[in-house]
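Please look at the chain shown here and follow it slowly from its overall plan to a few of its residues. The explanation is meant to be read with the structure in view.

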Amino acid sequence: MLLNYLVDSARPKKILEIGCANGVLSHHVGTILGALNNDSLLYCITNTIGNGTEDKWIEAITRINEEDMPRVAFAAVDYNQTCLMDKSFDVVIFNLSENIESPKSVIEEGIRLVKEEGKIMCLCNNQQWLFYDIFCALVGQFDEYNLHESGFILMG
C-alpha cells in the first residue's frame with residue numbers, strides 16, 4: 001500500500017509519522033525512502049518522551065543511519081498541536097500504539113498537515129476502536145486492510 005504509493009513517483013516525498021511506537025516502522029520507511037530518493041524527508045513525532053518508554057524508541061530510531069536515510073528528523077511534541085505548516089506532507093502516518101486522550105483533534109491535525117493529493121495511513125491495534133471510528137468519520141473514503149488478530153490499517 002504505502003510502498004506502492006512511494007514507488008509510483010520518483011520525486012522526493014515528505015512523510016510525517018505521528019506516534020513512532022517502537023521505531024520499527026520509522027526504520028523501515030526511512031530505509032525505503034533513502035533507497036528511492038535521498039531528498040525525501042521522514043519526520044517522526046512522539047509524545048512518549050518522559051514517560052519511561054523513550055529508551056526503546058531512541059534505540060530503534062538510531063538504527064536509521066545517514067547512508068540509509070540522510071533526511072530524517074525526530075521530535076517530541078503534542079500530537080494535537082504540532083506547529084507544522086498546513087498541507088506540508090505527502091503522507092501522514094498515524095502509528096499509535098497507545099490510547100490518546102483526544103483522538104479527534106489528533107486526526108484533525110493529521111488531516112491539516114497532509115497535502116490535497118496526499119495519503120493518510122492509520123495503523124491501529126484491535127483495542128483502538130474509538131480512534132478507528134473517528135478516523136472513518138473524518139477521513140471519509142479509505143481502504144481498509146485487516147491484520148488478523150493484531151489490528152488494521154486504513155489508508156485514505
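The paragraphs below go from the whole chain to its strands, then to a pair of rings, and finally to some residues in loops.

Before anything else, it should be said that this is a predicted model, and that the confidence of the prediction varies along the chain: the mean pLDDT is 76, and 67% of the residues reach 70 or more. Among the elements, strand S1 has the highest mean pLDDT, at 92, while strand S7, residues 151-155, has the lowest, at 57. Where pLDDT is low, the predicted coordinates should not be read in detail.

With that caution in mind, consider the plan of the chain, whose secondary structure comes to 5 helices and 7 strands. Read along the sequence, these elements follow the pattern α-β-α-β-α-β-β-α-β-α-β-β. The chain has 156 residues, of which 44% count as buried, and it exposes about 8300 Å², with carbon and sulfur atoms supplying 51% of that area. If one takes the contacts in the chain with a separation of 6 or more, residues 24 or more positions apart account for 77% of them.

A useful place to look next is strand S2, residues 41-46, which pairs with two other strands. Strand S1, residues 14-18, pairs with S2 in the parallel sense over 5 bridges, and Leu16 stands opposite Tyr43 there. Strand S3, residues 72-76, also runs parallel to S2 and is joined to it by 5 bridges, with Thr46 of S2 standing opposite Ala76 of S3. Is S2 enclosed or open to the outside? Because 5 of its 6 residues are buried, S2 is largely enclosed by the rest of the structure. It also helps to remember that in a regular strand the side chains alternate between the two faces of the sheet.

Tyr43, already met opposite Leu16, leads on to the aromatic rings. The structure holds 1 aromatic pair, formed by Tyr43 and Phe89, whose centres are 6.4 Å apart and whose planes make an angle of 35 degrees, so that by the limits of 30 and 60 degrees the pair counts as tilted. Since Tyr43 lies in strand S2 and Phe89 in strand S4, the pair ties together parts that are 46 residues apart in sequence. Phe89 is buried, with a relative accessible area of 3%, and Lys14 lies over the face of its ring, at 5.0 Å from the ring centre.

The loop between S3 and strand S4, residues 89-95, contains Cys83, and Lys87 is found in that loop as well. Most residues other than glycine have a negative phi. Cys83, however, has a positive phi near 65 degrees, and Lys87 has a positive phi near 50 degrees. How exposed is each of them? Cys83 is exposed, because its relative accessible area of 75% is over the limit of 50%, whereas Lys87, with a relative accessible area of 37%, is partly exposed.

One more loop residue deserves attention, namely Ser9, which is placed between helix H1, residues 2-8, and strand S1. Ser9 is partly exposed, with a relative accessible area of 24%. Although Ser9 and Leu36 are 27 residues apart in sequence, they are 9.3 Å apart in space, C-alpha to C-alpha.

Notes
Residues are numbered from 1 along each chain as its sequence is written. This is a predicted model: local features need pLDDT of at least 70, side-chain atom pairs count only at pLDDT 80 or more; totals for chains, interfaces and linings use all residues. Side-chain values use heavy atoms; hydrogens and water are left out. Buried means under 20% relative accessible area, exposed over 50%, partly exposed in between (1.4 Å probe, protein chains only). Helices (H or I, at least four residues) and strands (E, at least two) are DSSP runs, numbered from the N terminus. Two strands pair if DSSP finds at least two bridges between them. pLDDT is the predictor's confidence in each residue, from 0 to 100. Rings of Phe, Tyr and Trp (its six-membered ring) pair if their centres lie within 6.5 Å; planes under 30 degrees apart count as stacked, over 60 as edge-to-face and the rest as tilted. A charge sits over a ring if NZ of Lys or CZ of Arg is within 6 Å of the ring centre and within 35 degrees of the ring normal. Contact means heavy atoms within 4.5 Å. Accessible areas come from the Shrake-Rupley method with a 1.4 Å probe; for residues, only the protein chains shown count as cover.
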